[in-house]
Number of protein chains: 2
Amino acid sequence: MGAGYIGLEVAENLLARGLTVTVIEKLDAPMGAVLDSDMASAVVDAMRNAGVDLRLGTSVTGFTVSDGRVTAVETEAGPVEADLVVIGLGVRANTELARAAGIAVGESGGIIVDEQLRTGTPHVWAAGDCVESRHRVTGRGVVMALGTHANKQGRAAGTNIAGGEARFDGVLGTAITKFQQLEIARTGLTEHEAAASGLDAFAVTTEASNRAGYYPGAQSMRIKIVAERQTGRLLGAQIVGGEDAGKRIDVLATALWNGMTVQEMGGMDLSYAPPFSPVWDPVLLAAGKAAAEV
Amino acid sequence: MGAGYIGLEVAENLLARGLTVTVIEKLDAPMGAVLDSDMASAVVDAMRNAGVDLRLGTSVTGFTVSDGRVTAVETEAGPVEADLVVIGLGVRANTELARAAGIAVGESGGIIVDEQLRTGTPHVWAAGDCVESRHRVTGRGVVMALGTHANKQGRAAGTNIAGGEARFDGVLGTAITKFQQLEIARTGLTEHEAAASGLDAFAVTTEASNRAGYYPGAQSMRIKIVAERQTGRLLGAQIVGGEDAGKRIDVLATALWNGMTVQEMGGMDLSYAPPFSPVWDPVLLAAGKAAAEV
């Protein structure tokens with residue numbers, strides 16, 4: 001399997017059942033579609049420390065099948081024996097029905113819809129993994145197969161079809177997962193994606209604690225902030241760390257939703273008590289460090 | 001002691017050391033300065049279930065002292081024997097020095113400063129628990145003795161004194177605490193405070209799970225949203241609940257900082273994975289329920 005969201009969860013579950021797990025990933029880092037490689041290094045460490053045989057930069061070329069069962073995965077670097085193979089290849093919008101019906105499909109490969117989830121064909125709405133959504137940072141149409149988006153779109157489309165009024169206001173690509181105790185989250189653009197979008201971006205990474213340093217059970221997290229060089233406008237963020245690290249992405253997603261700059265974010269009034277945060281929450285520290293670069 | 005932030009933490013620590021704990025509180029609910037009484041009921045239950053003898057609506061009238069040691073707390077309802085007494089009476093800005101120096105003090109009782117922490121007297125700055133801060137929801141000057149504000153103000157004042165440029169952008173009164181496993185947090189105005197501020201506000205309360213319902217360890221939380229009736233503008237929020245409930249207040253604080261309406265908040269792109277959240281995060285559910293009332 002590839003080392004994306006599903007790959008991580010499957011690997012964790014198979015390990016917990018006592019199986020020997022090998023992960024074969026074509027890219028040079030796990031979760032390449034959602035994390036910058038510097039942030040993914042913590043995922044690499046966690047997987048290898050847990051006993052996963054993680055083979056990066058390796059393409060699967062085929063399978064060896066005997067008596068109707070897979071016995072090995074063939075790779076560029078030789079075969080890997082296996083009793084069980086799980087394949088994670090990503091997601092592509094299935095728009096065959098829409099195309100056959102003459103409904104417009106965008107360059108992203110998703111069905112084009114407006115904010116009310118109407119397709120270009122009267123009386124036809126579309127929602128979920130098959131549609132193109134507006135990315136709020138770039139303004140471009142993207143296909144993102146996330147359950148959060150599909151749920152919101154389905155509700156909005158249903159409301160509109162039934163004569164109500166509801167909008168779907170675009171996506172940031174906010175997502176979270178974990179591998180054992182390591183929490184992993186992102187929102188907006190990675191540094192790599194920002195550059196690919198033609199934005200003049202910079203990135204800073206901050207190490208911070210989830211609690212007051214003296215409080216029992218304090219664990220560290222790493223937050224990477226991507227921002228626009230001239231303005232300081234937040235473009236995206238990534239978090240990798242221990243307990244209570246991941247869900248802090250929602251604070252960054254809310255700031256991003258509102259188009260905040262890192263300068264303004266550094267002054268936000270977030271909560272503090274020793275069991276929950278240092279006096280300066282990691283999000284404030286990360287924003288402050290980024291603000292110093294603008 | 002009173003049942004405010006400090007009272008809760010002290011009570012928890014004394015209980016953990018095996019002491020019998022009585023809490024005497026003048027108001028009819030604990031944390032009266034920071035929570036609406038309907039939200040405080042969960043705090044009452046947690047304290048009483050933990051064995052705290054919580055006496056609400058009871059005024060302390062004096063102390064019985066014998067051989068230089070307190071032996072009892074006198075109340076309107078009779079004496080309470082005690083080996084150790086902890087007094088929590090709240091905080092008042094100490095502006096004696098400022099007043100003596102002719103520095104202007106506001107109606108709130110705090111020293112008046114501008115966004116650069118300058119007092120009305122040239123070359124004098126002030127920061128911390130003694131100053132009046134601008135409440136971002138009401139626009140009024142308030143004294144709030146929170147370490148997060150004092151830290152940010154000290155940093156901004158120091159930067160300005162040293163010839164740099166830094167602002168303090170006001171407060172929301174975001175705060176968090178816990179009693180044993182119960183997490184308690186608030187930001188902005190309570191329903192009570194909104195009414196006292198002359199705002200036409202309404203409130204809705206939502207019960208939601210911290211994780212996907214089927215995920216091991218799922219626990220419930222209660223989120224109360226206070227919003228402006230005509231516009232749906234968020235005015236404040238309170239959270240009381242189990243694991244991972246409290247820090248969600250920062251998402252609400254970030255929305256409040258940006259002046260969002262509950263209608264817009266319901267569509268935000270927050271993170272989801274079963275170990276961290278239902279598909280609709282509790283914050284989205286709470287905002288959506290409030291939006292239906294606008």
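Start your tour inside chain A: the C-alpha centres of its domain 2 and domain 3 lie 30 Å apart. Keep in mind as you click around that this is a predicted model.

**Stop 1: the domains of chain A**

To find those two parts, select residues 96-161 for domain 2 of chain A and residues 175-291 for domain 3. Colour 5-81 as well, since the domain assignment gives that stretch as domain 1. Now look at where domains 2 and 3 touch: domain 2 of chain A puts 4 residues into the contact, and domain 3 of chain A puts in 8 residues. On the domain 2 side, you'll find 2 nonpolar, 1 polar and 1 charged residues.

**Stop 2: the two chains together**

Next, show chains A and B at once. How are they arranged? Turn chain A by 180°, with 0.0 Å of shift along the axis, and it superposes on chain B with an RMSD of 0.0 Å. The two copies are thus related as by a two-fold rotation axis. To find that axis in chain A, pick V251(A): its C-alpha is the nearest to the axis in that chain, 2.4 Å from it.

**Stop 3: where the chains meet**

Stay with both chains and highlight their contact, which takes 38 residues from chain A and 38 residues from chain B. On the chain A side, select α4 (147-161), β9 (175-179) and α6 (249-257), the elements that give two or more residues to this surface. Which of them gives the largest share? That's α6(A), with 7 residues. Colour the chain A side by class and you get 20 nonpolar, 10 polar and 8 charged residues. Flip over to chain B and you'll find the same surface in use, because 100% of the interface residues of chain A are also interface residues in chain B.

**Stop 4: helix α2 in chain A**

Hide chain B for a moment and select residues 37-49 of chain A, helix α2. With 13 residues at 1.5 Å a residue, this helix should span 18 Å, and its end C-alpha atoms are indeed 18 Å apart. Show the side chains of M39(A), A40(A), V43(A), A46(A) and M47(A), which are buried. They cover an arc of only 105° around the axis, which puts them on the same side of α2(A). Spin to the other side of α2(A): are R48(A) and N49(A) buried or exposed? Both are exposed. Just after the helix, stop at G51(A), where phi is positive, about 100°.

**Stop 5: helix α2 in chain B**

Bring chain B back and select residues 37-49 there, a helix of 13 residues that reaches 18 Å from its first C-alpha to its last. Its buried residues are M39(B), A40(B), V43(B), A46(B) and M47(B). Their arc around the axis is only 105°, so they sit on the same side of α2(B). On the other side, R48(B) and N49(B) are exposed. G51(B), just after α2(B), has a positive phi of about 100°.

**Stop 6: two loop residues in chain B**

Last, zoom in on M31(B), which has a positive phi of about 55° although it is not a glycine. Look for M31(B) in the loop between β1 (22-24) and α2 of chain B. M31(B) is buried, with 27 other C-beta atoms within 10 Å.

Then jump to D67(B), not a glycine either, and with a positive phi of about 55°. This residue is in the loop between β3 (60-66) and β4 (69-75) of chain B. D67(B) is exposed, with 5 other C-beta atoms within 10 Å.

How values were computed. Residues are numbered from 1 along each chain as its sequence is written. Chains are lettered from A and ligands numbered from 1 in the order in which they are written. This is a predicted model: local features need pLDDT of at least 70, side-chain atom pairs count only at pLDDT 80 or more; totals for chains, interfaces and linings use all residues. Helices (H or I, at least four residues) and strands (E, at least two) are DSSP runs, numbered from the N terminus. The expected span of a helix is 1.5 Å times one less than its number of residues. A residue is buried if 20 or more other C-beta atoms lie within 10 Å of its own, exposed if 12 or fewer, and partly exposed in between; C-beta atoms are placed from the backbone. The arc is that of the directions from the helix axis to the C-beta atoms. Copies are superposed by least squares on the C-alpha atoms of residues with pLDDT of at least 70 in both. Two residues are in contact if their C-beta atoms, placed from the backbone, lie within 7 Å. Ala, Val, Leu, Ile, Met, Phe, Trp, Tyr, Cys and Pro count as nonpolar, Asp, Glu, Lys and Arg as charged, and the others, Gly among them, as polar. Domain bounds come from an automatic or database domain assignment.
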